[in-house]
Amino acid sequence: MKIAILGAGNMGLSFSKSFLKYELIKPENLHLITRNQSKFSKISEEFPKSEISTFDETIEFNADLIVIAVKPQDFQHVAENFQFQLKENQMVLSIMAGIKIEKIQKLLNHPLVVRAMPNSPTLLGMGITGYTAAQGISFSQLINIERLLNSTGRSVYLENEELLDGVTALSGSGPAYFYYILDAMIKAGVEMGIDENLSRLFVQQTMLGAYHLINNSDKNLEELIQDVASKGGTTEAALKTFNENNLKEIIKHGILNAEKRAKELNN
């Protein structure tokens with residue numbers, strides 16, 4: 001199998017590394033296309049056996065699969081200005097937020113499109129990706145795509161493409177929400193006089209432990225909260241403040257705004 005990555009940024013390169021790590025393709029069957037000329041030598045060092053091009057070159061794609069990993073805002077410009085012709089049997093995998101299959105098909109004049117929404121933990125092989133496919137893609141083609149996606153973590157097939165904007169808001173953007181909350185917790189630790197590195201250690205290990213408790217418990221989240229929040233205790237004091245300030249609603253509202261933005265990107 002030969003794969004071309006159109007847009008060799010963070011996500012495009014992390015996918016490439018996963019494909020190579022699990023030996024799903026050979027390095028010489030990987031073609032990386034970067035818009036950023038200044039990153040050319042760094043990419044060449046990381047992928048010495050792979051083909052590397054810039055957007056300025058006219059490219060003949062011999063790949064079985066073309067992964068579109070450019071920023072959604074740049075896609076129309078790339079599709080209209082980048083010199084390439086897709087062959088009838090080539091597959092396209094888009095990992096752009098918000099851009100619908102129909103738009104990709106129209107701009108590339110090509111029917112075989114799978115749309116996926118990964119998140120940044122794919123960098124460590126611990127991502128989760130929601131994906132959906134255009135009509136006319138065979139089961140065996142879809143299985144091949146799933147195999148590639150699973151090299152970056154876990155993947156979930158969604159029949160309804162509309163749900164992918166929700167996936168974008170929930171898991172695509174999701175890591176940033178956790179970092180945001182962790183940052184607030186670390187800063188609170190510093191304000192209480194705990195050294196910043198120590199505060200970070202306490203917070204990160206607490207998050208890791210909480211994650212494993214969720215995974216290994218039959219209890220729901222409300223029950224797990226109640227296990228920590230004894231009557232009249234310290235946790236209850238914090239939760240009371242969160243509830244009085246509608247923190248849960250604020251977080252939900254932010255995520256719904258992220259979904260709204262994902263829908264806007266298609267336009």
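Colleague: Which residues does Ser-16 touch, leaving out those up to four places away in sequence?

Modeller: In this predicted model, Ser-16 touches Ile-5, Leu-30, Leu-32 and Phe-47. Ser-16 itself sits in helix α1.

Colleague: What makes Ser-16 count as buried?

Modeller: The cut-off for buried is under 20% relative accessible area. Ser-16 has 0% relative accessibility, so it counts as buried.

Colleague: Staying with α1, how do you know that Phe-15 and Phe-19 are an aromatic pair, and why is it called edge-to-face?

Modeller: The whole structure holds 2 aromatic pairs, and Phe-15 with Phe-19 is one of them. Ring centres have to lie within 6.5 Å, and here they are 5.8 Å apart. For edge-to-face the planes must be over 60 degrees apart; these two make 85 degrees, which earns the name. Both residues are buried, too.

Colleague: Why are Phe-15 and Phe-19 separated by about one helical turn?

Modeller: They are 4 residues apart in helix α1 (residues 10–21), so about one turn of helix separates them.

Colleague: And Tyr-131 with Tyr-157, why is that pair edge-to-face?

Modeller: Here the centres are 5.4 Å apart and the planes stand at 65 degrees, so the pair is edge-to-face, given that the cut-off is over 60.

Colleague: What makes you say this pair ties together parts that are apart in sequence?

Modeller: Look at the strands: Tyr-131 belongs to β7 (residues 127–133) and Tyr-157 to β8 (residues 153–157), so the pair links parts that are 26 residues apart in sequence.

Colleague: Are these tyrosines buried or exposed?

Modeller: Tyr-131 has a relative accessible area of 2%, so it is buried. Tyr-157 comes out at 35%, and since partly exposed runs between the 20% and 50% limits, that is its label.

Colleague: Tyr-131 must have other company. Which residues does Ala-116 touch, for example?

Modeller: Not counting residues up to four places away in sequence, Ala-116 touches Leu-93, Ser-94, Ile-95, Met-96, Thr-129, Gly-130, Tyr-131 and Leu-149. Ala-116 lies in strand β6 (residues 113–117).

Colleague: How do you know that Ala-116 is buried?

Modeller: Its relative accessible area is 1%, against a limit of under 20%, so Ala-116 is buried.

Colleague: On to the sheet. What is the order of its strands?

Modeller: It's an open sheet of 8 strands, ordered β3-β2-β1-β4-β5-β6-β7-β8, with mixed pairing.

Colleague: What makes β3 and β8 the edges?

Modeller: β3 (51–54) and β8 each have a single partner strand, so each has one side without a neighbour in the sheet. Ignoring direction, neighbouring strands of the sheet are turned by 20 degrees against each other on average.

Colleague: How do you know that β1 and β4 are paired?

Modeller: Pairing takes at least two bridges, and 4 bridges join β1 (residues 3–6) to β4 (residues 65–68). The two strands run parallel, and Leu-6 stands opposite Ile-68 in β4.

Colleague: Which strands does helix α5 touch?

Modeller: Helix α5 (residues 139–150) packs on the sheet and touches β1, β4, β5 (91–94), β6, β7 and β8. The direction of α5 makes about 145 degrees with that of β8.

Colleague: Why are α6 and α7 called roughly parallel?

Modeller: Helix α6 (residues 163–172) and helix α7 (residues 174–191) pack at an angle of about 30 degrees, their axes 5 Å apart. Angles under 35 degrees count as roughly parallel, so these two helices qualify. The meeting residues are Ala-169, Leu-170, Ser-171 and Gly-172 in α6 with Gly-174, Pro-175 and Tyr-177 in α7. By type, the contact divides into 4 nonpolar, 3 polar and no charged residues.

Colleague: What is unusual in the backbone at Glu-23?

Modeller: Most residues other than glycine have a negative phi. Glu-23 has phi near 55 degrees, which is positive in a residue other than glycine. Glu-23 lies in the loop between α1 and β2 (30–34). Phi of Asn-246 is likewise near 55 degrees, and Asn-246 sits in the loop between α10 (234–244) and α11 (247–265).

Colleague: Why do Glu-23 and Asn-246 get the accessibility labels they have?

Modeller: Exposed means over 50%, and Glu-23 has 70%, so Glu-23 is exposed. Asn-246, at 48%, falls under that limit and over 20%, so Asn-246 counts as partly exposed.

How values were computed:
Residues are numbered from 1 along each chain as its sequence is written. This is a predicted model: local features need pLDDT of at least 70, side-chain atom pairs count only at pLDDT 80 or more; totals for chains, interfaces and linings use all residues. Side-chain values use heavy atoms; hydrogens and water are left out. Axes are lines fitted to C-alpha atoms, for helices over the stretch in contact, and angles run from 0 to 180 degrees between N-to-C directions. Angles under 35 degrees count as roughly parallel, over 145 as roughly antiparallel, 65 to 115 as roughly perpendicular and the rest as oblique. Contact means heavy atoms within 4.5 Å. Ala, Val, Leu, Ile, Met, Phe, Trp, Tyr, Cys and Pro count as nonpolar, Asp, Glu, Lys and Arg as charged, and the others, Gly among them, as polar. Rings of Phe, Tyr and Trp (its six-membered ring) pair if their centres lie within 6.5 Å; planes under 30 degrees apart count as stacked, over 60 as edge-to-face and the rest as tilted. Buried means under 20% relative accessible area, exposed over 50%, partly exposed in between (1.4 Å probe, protein chains only).
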